[in-house]
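Please look through the structure below slowly, from its broad division into parts down to single residues. The paragraphs after it are meant to be read with the model open beside them.

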Amino acid sequence: MANQEEVFKKIVSHSKEYGFIYQSSEIYDGLSAVYDYGPYGVELKNNIKTYWWKSMVQMHENIVGIDTAIFMHPKTWKASGHVDAFNDPLIDNKDSKKRYRADVLIEDAVAKIEAKLEKEVEKAKARFGETFDEKLYRETNPRVVEYAQKASSILERMNTSMTSNDMEGLKNLIVELEIACPDSGSRNWTEVRQFNLMFNTQLGNIAGEEGKLYLRPETAQGIFVNFLNVQKTTRQKIPFGIAQIGKAFRNEIVARQFIFRMREFEQMEMQFFVKPGEEMKWYEYWKNERMRWHKAIGTPEAKLRFHNHENLAHYANAAVDIQFDFPFGFKELEGIHSRTNFDLTSHQELSGKKLQYFDSEDNENYVPYVVETSVGCDRMFLSVLSNSYVEETVPDAEGGDATRIVLKIHPTLAPIKCAVLPLVKNKPELVEKARQLFDLLKPNFLCQYDDKDAIGRRYRRQDAIGTPFCVTVDFETLEDQCVTIRDRDTLKQERISIAELSNYIQAKVNWNNVM
Ligand code: GAP
């Protein structure tokens, strides 16, 4: 774990050093849990969004896109349940004045028990060597069994308190487990109380509660309130989906783990409207389809898993997360939710406007059921970055070995597709040829021209930002109209004619490769 923590720190500092992600307002010491995307970050993020949009909207005849406003009528959030139920249980430490999420404090205490359990297993593994039967040991060793039972009984009590809104139950757990403030070590806690996660602001021309506006905490509601507009204007028949990419805002209390949990973030959400009773069929379909999408960019199977929700949100009758093995462990990357007809029915009731679909085949009106897929763009970015960050020793272009940091991002998603490098910069004929080549490629691919420093250092710079191809223009190029193309991952160098170069790169970065 310590090793993984180190890797995570390196990824965070690499992101800043190479222009992927900066802390927001850094010159004022930053704003916690808010981040800015730099020149390479914005390219990678845009490519992730394009990948999602193409595979959802372009590849499905029955899914259309939409782009709705961040501000919505305040009643939207009453109907959706966010005003009453979008809360985190918070507790303050009276000595340090620090505020925490009660459930996170408890989960951290459970993680410590689980760490002790794993340590016991590791010790036994070292003691018994090859004859060690780990499964049997976990099931029978009294200390291990005791730790496992303790951890699961705490989690069970916590989940019961969370679902039944029992704040006293959470406080009792914190006291019983003797949880201390991570900052001060004090156990002097306030009561636990609910805290709404929506940011709000005020309309200029209406005073008081009437003019209170919320910054949307999810993009989904913009889709629900436009369900009939879209259905009528596109004449879609059920089952059909509406997709949206956009900003969402949550006043998160636990602001850690870099861009994993942000206060301002982006979601890529799709609501799929189905006939009542058919929702589980579509829920299974989208579970598999979304997992396929994550794997298609080369994320190994072992780093992805499904995790069923035990506590269902107020709107869902089934829910599953796709978790990714981040450097800090398996955590939610995407949610797939069977949202029933909760949202459309609530909006229908509060607005007084019908949100029904006329099914001409069955000659009946109904409020459709909804299966939602929702993936955070920033979390997706972090998963791509963590999966592609590699430190390795490779043969150096200058001879000998060199260590390099390379981002092995799928070529289709890579920020820069190709770097054009004249072998040396003090030969005008080479520079001119390389410039011509750069001009030839740039309408089709985001390329970089670089003639500073030795060729090996230029390769390292491109490796660090994940550029899949480096093209070197040398003296022979002037004679044979061929260049050397270097593959980022295999380091293989091939001679290829300039006339074939565009097609060669295109084949490797084509969207077809990931659809
Ligand atoms: N419309 C359903 C919905 O919003 P969610 O599980 O709360 O469901 C969906 O959020 C996805 O949005 C998550 O799986 C995660 O990828 C992303 N997400 C949620 N909160 C986030 C935060 N504070 N920072 C970054 N991404 C977040």
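What follows is a walk through a predicted model, beginning with its domains and ending with individual side chains.

The domain assignment of the protein gives three parts: domain 1 is made of two separate stretches, 2–86 and 197–385, while domain 2 covers 92–195 and domain 3 covers 396–513. Between the C-alpha centres of domain 1 and domain 3 there is a distance of 37 Å, and the contact between these two domains draws on 15 residues from domain 1 and 15 residues from domain 3. Together, domain 1 and domain 3 bury about 1300 Å² between them, and 77% of this area lies on carbon and sulfur atoms. Which residues of domain 1 lose the most area to domain 3? They are H14, Y40 and N47, which together account for 36% of what the domain 1 side buries.

Turn next to a sheet. Strands of a sheet pair through backbone hydrogen bonds, and the pairing can be either parallel or antiparallel. In this model an open sheet of three strands runs in the order β5-β4-β6, and its pairing is antiparallel. The strands β5 (99–101) and β6 (193–196) stand at the edges with a single partner strand each, so one side of each is left without a neighbour in the sheet. On average, neighbouring strands of this sheet are turned by 50° against each other when direction is ignored. Strand β4, residues 87–92, is joined to β5 by three bridges in the antiparallel sense, and in this pairing L90 stands opposite R101 of β5. Helix α5, residues 102–128, lies across β4 and β5 and runs at about 70° to β5.

A second set of strands can be followed from β12 onward. Strand β12 (residues 318–326) pairs with β13 in the antiparallel sense over nine bridges, and a hairpin of two residues joins β12 to β13. Within this pair, F326 stands opposite G329 in β13. The strand β13 also pairs with β16 (residues 369–376), again in the antiparallel sense, over six bridges, and here T340 is placed opposite V370 in β16.

The strand β13 appears again in the surroundings of helix α12. This helix spans residues 342–351, and its buried residues are D343, L344, S346, H347 and Q348. Those buried residues of α12 pack against three helices, α3 (75–79), α9 (220–225) and α10 (227–234), as well as against the strands β10 (264–274) and β13 (329–340). After α12 comes G352, whose phi is positive, near 75°.

Single residues complete the picture. Is S502, which is found in helix α17 (residues 498–509), buried or partly exposed? With a relative accessibility of 21%, S502 counts as partly exposed, because buried would require a value under 20%. Although S502 and L441 are 61 residues apart along the chain, their C-alpha atoms are separated by 6.7 Å. Once its neighbours within four places in sequence are left aside, S502 is in contact with L441, N444 and F445.

Finally, consider the cysteines C181 and C377. C181 counts as buried at 3% relative accessibility, and C377 counts as buried at 0%. A disulfide is a covalent bond between the sulfur atoms of two cysteines, and a search of the whole structure finds zero disulfides.

How values were computed. Residues numbered from 1 in each chain as written. Predicted model: local features only at pLDDT ≥ 70, side-chain atom pairs only at ≥ 80, totals over all residues. Heavy atoms only, no water. Pairing = 2+ DSSP bridges. Helix = DSSP H or I, 4+ residues; strand = E, 2+ residues; numbered from the N terminus. Axes fitted to C-alpha atoms, helices over the stretch in contact; angles between N-to-C directions. Contact = heavy atoms within 4.5 Å. Disulfide = S-S within 2.5 Å. Buried < 20%, exposed > 50% of the residue type's maximum accessible area, 1.4 Å probe, protein only. Domains from an automatic or database assignment. Buried area = accessible area lost by both parts, 1.4 Å probe.
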